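User: Please take a close look at one helix in this structure and explain how its length, its course and its surroundings fit together. I would then welcome an account of the setting in which that helix is found.

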Amino acid sequence: MRAAGAPIAFGLIVLGLWQAACTAFHIPRILLPAPTAIVAAFGGNLPLLGADFVQTVLRSVLPGFALGSGAGFIVGLAVDASPFLRRGVLPVASLAGALPIVGIAPIMVMWFGFDWQSKAAVAAVMTFFPMLVNTVAGLEAPGAMERDLLRSYSASPWQTLEKLRLPAALPYIFTALKLDTTLALIGAIVAEFFGTPTVGMGFRISTEAARLDLDVVWAETLVAAITGSALFFGLAYLERLVTFWRPAFQSGSEKEMR
Amino acid sequence: MREALRRTLPVIVVVAALLAVWYAAALVVDAPQGALAEKRPLLPTPQQVAGALLAGILQPPTSPRSLIYHAGVTAASAAAGFALAFVLGIGLAIAIVNVRLLDRSLMPWIIASQTVPALAVAPMVVVVLGNIGLTGLVPKALIAAWLSFFPIVTSMVAGLRSPERIQLDLLRTYSAGGWDVFAQLRWPASMSFLFPGMKVAATLAVVGAIVAELPTGAQAGLGARLLAASYYGQTLQLWAALVMASLLAVVVVGVVDGARGVLVRVRGGRL
């Protein structure tokens, strides 16, 4: 935990300089509100921010994330069963992952309406491809030696999957999950730029920015940042618990990680 | 020849299957709409999209209906943002590798910054910069730069650290100084890490530029095109703009790959 000292100190220094600059140079609130002003806006708008959080995170991001990642994992398992499919799907999925998928947001809004369904759909499509690619890559991760060992035990394909290949794929799957949390948040928020019931983080950010009510925008950004970090570090913690056997997580070896 | 077929045939089959499913779905979805579906289908068929795309591309490049023109506007912001992220990212990576305090204090924040959905802040960045007179390319480029910055920094830091102890020791036996170690070993070794990062960064720059065009009320660019088409319910226009955005992403990745190819050739076949 000693390692956390330097980044925390750095963060506090930046916050301090930000606050000092805002008061010393009288930076207009429209340009950059001081940290205290943002915290005040956060505290003053709790019901509003809470409603936006429920609409965007609980009703759009999480269902979309679960649906997209889950579907990506299942399709990954199915694709893995056939070498032909693996060779065919993997290049297509990798390409799809590099495309600006957020652009489907207006189409989803057209199909599924203004409410959370369309946002969850965008999040689901965006999270699908990284999970698919990483699942297939992860299942391929064990080397010939491990596979041969299991074959020498006359393990069935199902046993090989359960005992060797799925555990070996876990680091890849967690990588995809961590990536997917951010993608799902971005997808849901950007989809709200194309039409919402008048609630949601993306709706709030775009309308309040247009009204130059930047304190609220910053407070909403703070909520988004906290949500994103909580999801990411929550998954990172879960990863440590589930894949405790990885060398990177064994104590003592961490210093040699570079 | 057989090897090439072995690799491409599955891809062709999968793409053909996807197109077939798309086509069948479009027929089912749009059947009840009848004649209306020809102009504003809920799900256009592949050839309708291809037709709209071709019509958009074949417009004279100066026309506001030309997809080439809009793609050019988006590409310019993406390129400017990427260039900025490239310079800052590589500079910061060099600093992080050399200054231990920066590594310990800054690196965790760079990683944490990626858990913030940066695109969500795009409208604010655009409004704030517009307020101090910066409109057009600059705000879009800044958003694109913010997104592409991260993969460049992290891949470059990993690359500059990739030389192994044994290689560093060898240079020490030659009594190489810090600069020599950097120029002869660390920098060349970093390139094979940098290029995958640059590919991700380039596609993110395109995404950033497109999303930055959404809230500005911008008249030009693929994002503006998407927004206008969605506002007026012009599905064909919408799909054409989306395919154009995908083509732009493919081109951008191709450019990075091309640069990599040039570097490989200059270095005599290795990266």
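Analyst: The expected span of a helix is 1.5 Å times one less than its number of residues. The model examined here is a predicted one. In chain A, helix 6 runs over residues 116-139, which makes 24 residues; at 1.5 Å a residue these should span 34 Å, and because the C-alpha atoms at its two ends are 34 Å apart, the expected and computed values agree.

The course of this helix has a further feature. At A:Phe128, helix 6 of chain A bends by about 25°. A proline, A:Pro130, follows within four residues of that point. As for its surroundings, helix 6 of chain A is mostly covered, with 22 of its 24 residues buried.

A contrasting site in chain A lies in the loop between helix 7 (144-152) and helix 8 (157-192), where A:Ser154 is found. A:Ser154 is not a glycine, yet its phi is positive, at about 50°. Most residues other than glycine have a negative phi. A:Ser154 has 7 other C-beta atoms within 10 Å and is therefore exposed, since a residue counts as exposed at 12 or fewer.

Chain B offers a similar description. B:Ser175 is located in the loop between helix 7 (165-173) and helix 8 of that chain. B:Ser175, again not a glycine, has a positive phi of about 50°. With 7 other C-beta atoms within 10 Å, B:Ser175 is exposed.

Chain B as a whole contains 10 helices and 0 strands. Its C-alpha atoms fill a box of roughly 80 × 60 × 35 Å along the principal axes. Of the 271 residues in chain B, 41% are buried. Among contacts in chain B with a separation of 6 or more, 70% are between residues 24 or more positions apart.

The two chains also meet: 43 residues of chain B are in contact with 47 residues of chain A. On the side of chain B that touches chain A, at least two residues each come from helix 1 (2-30), helix 4 (100-113), helix 5 (122-131), helix 8 (178-212), helix 9 (222-231) and helix 10 (235-266) of chain B. Helix 4 of chain B gives the most to this side, with 7 residues. By residue type, the side of chain B that touches chain A comprises 33 nonpolar, 7 polar and 3 charged residues.

To return to the helix in question, helix 6 of chain A has the end-to-end span expected from its 24 residues, bends at A:Phe128 and is mostly covered.

Notes: Residues numbered from 1 in each chain as written. Chains lettered and ligands numbered in written order. Predicted model: local features only at pLDDT ≥ 70, side-chain atom pairs only at ≥ 80, totals over all residues. Bend = angle between axes of the 7 residues up to and from the residue. Buried ≥ 20, exposed ≤ 12 C-beta atoms within 10 Å, placed from the backbone. Contact = placed C-beta atoms within 7 Å. Nonpolar A, V, L, I, M, F, W, Y, C, P; charged D, E, K, R; others polar.
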